[in-house]
Amino acid sequence: MSTSEESYTGPTIDPYLNLPQKPDPSVPPVTPSSPPWGVFQAVLTVVASMALLFFLPLLLTSPYLIYRYQRVGVAVTRELLVADKFFIFLNVLSVFPAHFLTLALIWAVVTQFGKLPFWSTVGWSWGENFGLWKSAGLAVVLLVLAVLLGNLFREQPTEMEKLVLSSRMTAYAVALLATATAPFVEELVYRGVLFAAVQKAAGVLWATVIVASLFAGIHVWEYWPNLGALSTIFLLSFALTLVRARTGRILPCVVIHLIFNGVQSVFIIFQPYLDNLQRAREQKAALTSFIEFAVRHIG
């Protein structure tokens, strides 16, 4: 036995014990700003989420189209589908499984198939000096600006408005989709996976510009050609991305997005009742004016 070995008097360490290892200083720690995935994986996640939103509705609604039209020999045209309220409803419902599959994909990318914790890696926490109340306050400010922009640019209805007005069951489905899944899936894909990867590769500025522009761009078709609605979606996109850049976290973005969509969903659900109330007020005012006119002339 060597002298060095003879001089060691400490306890014997079992090499098979699962003892915690010291972190390697040469390997950067995994954080929401330094993720384990790269730009390639992030771009694939975005493309896959878009593909699911496009192809899954086609797949899930095809049995209905075959049963409804092709079995009786009717050629399916765009005009026919636009007028089919039940098809539009099914098309909206099919977005839910697309979102669930996207969430599974996000989990695989963020955790590297279960090797890392999901919530801390993606940044599911409040930023410094930016908690719930600031997030809620910013959401209210964005809603007020959206109303002002909508009143400033009164133009023809958007594709989203046509979708909501197609039937009440579709309106309910859109409202549920906008609050139950869309804020979580969209924020995790764009401000979570994509922003973190681009920030790590090119810096905060490029990540902010690219993510905000891409997120707004994919929503253009929904709000075309209303300039007020288009301005609102670009404003929302850049505000959310700036919050992500400022806080380094995604939870504030999810809450802002959730409140923004949630308030609009409430109006979507209660719009017919509000319209009926408004018509009742107008009829009451007209009746009151008529009675007053009649009383004056009779007197």
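Biologist: Why is threonine 121 called buried?

Modeller: In this predicted model, threonine 121 has a relative accessible area of 4%. Buried means under 20%, so threonine 121 is classed as buried. Its place is in helix 6.

Biologist: What makes the approach of the side chain of threonine 121 to the backbone oxygen of proline 117 a polar contact?

Modeller: The side chain of threonine 121 reaches that oxygen at 2.4 Å. The cut-off for such a pair is within 3.5 Å, and the value of 2.4 Å satisfies it. Leaving out residues up to four places away in sequence, threonine 121 also touches Val30, Thr31, Pro32, Pro36, Trp37, Val110 and Leu116.

Biologist: How do you know that threonine 61 is buried rather than exposed?

Modeller: The relative accessible area of threonine 61 is 2%. Exposed would require over 50%, and buried requires under 20%; threonine 61 is therefore buried. This residue is found in helix 2, residues 39-68. A polar atom of its side chain lies 2.5 Å from the backbone oxygen of proline 57. Beyond four places in sequence, threonine 61 touches Phe87, Leu90 and Asn91.

Biologist: How do you know that the length of helix 9 agrees with its number of residues?

Modeller: Helix 9 covers residues 168-180, which is 13 residues. The expected span takes 1.5 Å times one less than the number of residues, so helix 9 should span 18 Å. The end C-alpha atoms are 18 Å apart, and the two values agree. The buried residues of helix 9 are Thr170, Ala171, Ala173, Val174, Ala175, Leu177 and Ala178.

Biologist: What makes helix 9 oblique to helix 10?

Modeller: The axes of helix 9 and helix 10 come within 4 Å and cross at roughly 45°. Roughly parallel would need an angle under 35 degrees, and roughly perpendicular 65 to 115; the pair is therefore oblique. In helix 9, Leu177, Ala178, Thr179 and Ala180 meet Ala182, Pro183 and Phe184 in helix 10.

Biologist: Which residues touch the most other members of the largest nonpolar core?

Modeller: Of its 36 residues, these are Trp37, Ile106, Val110, Tyr190, Val193, Leu194 and Ile256. Elements giving two or more residues to this core include helix 2, helix 6 and helix 14. Helix 10 supplies the largest share, 10 residues. Apart from this core lies another, of 11 residues, among them Phe89, Val92, Val95 and Val174.

Biologist: Which residues does leucine 194 contact, leaving aside neighbours within four places in sequence?

Modeller: Leucine 194 is in contact with Ala42, Val46, Val189, Val211 and Leu214.

Key
Residues are numbered from 1 along each chain as its sequence is written. This is a predicted model: local features need pLDDT of at least 70, side-chain atom pairs count only at pLDDT 80 or more; totals for chains, interfaces and linings use all residues. Side-chain values use heavy atoms; hydrogens and water are left out. Buried means under 20% relative accessible area, exposed over 50%, partly exposed in between (1.4 Å probe, protein chains only). A polar contact is a pair of N or O atoms within 3.5 Å; within protein, one must be able to donate a hydrogen and the other to accept it, and residues adjacent in sequence count only if both atoms are side-chain atoms. Contact means heavy atoms within 4.5 Å. A nonpolar core is a set of buried Ala, Val, Leu, Ile, Met, Phe, Trp, Tyr and Cys residues joined through side-chain atoms within 4.5 Å. Axes are lines fitted to C-alpha atoms, for helices over the stretch in contact, and angles run from 0 to 180 degrees between N-to-C directions. Angles under 35 degrees count as roughly parallel, over 145 as roughly antiparallel, 65 to 115 as roughly perpendicular and the rest as oblique.
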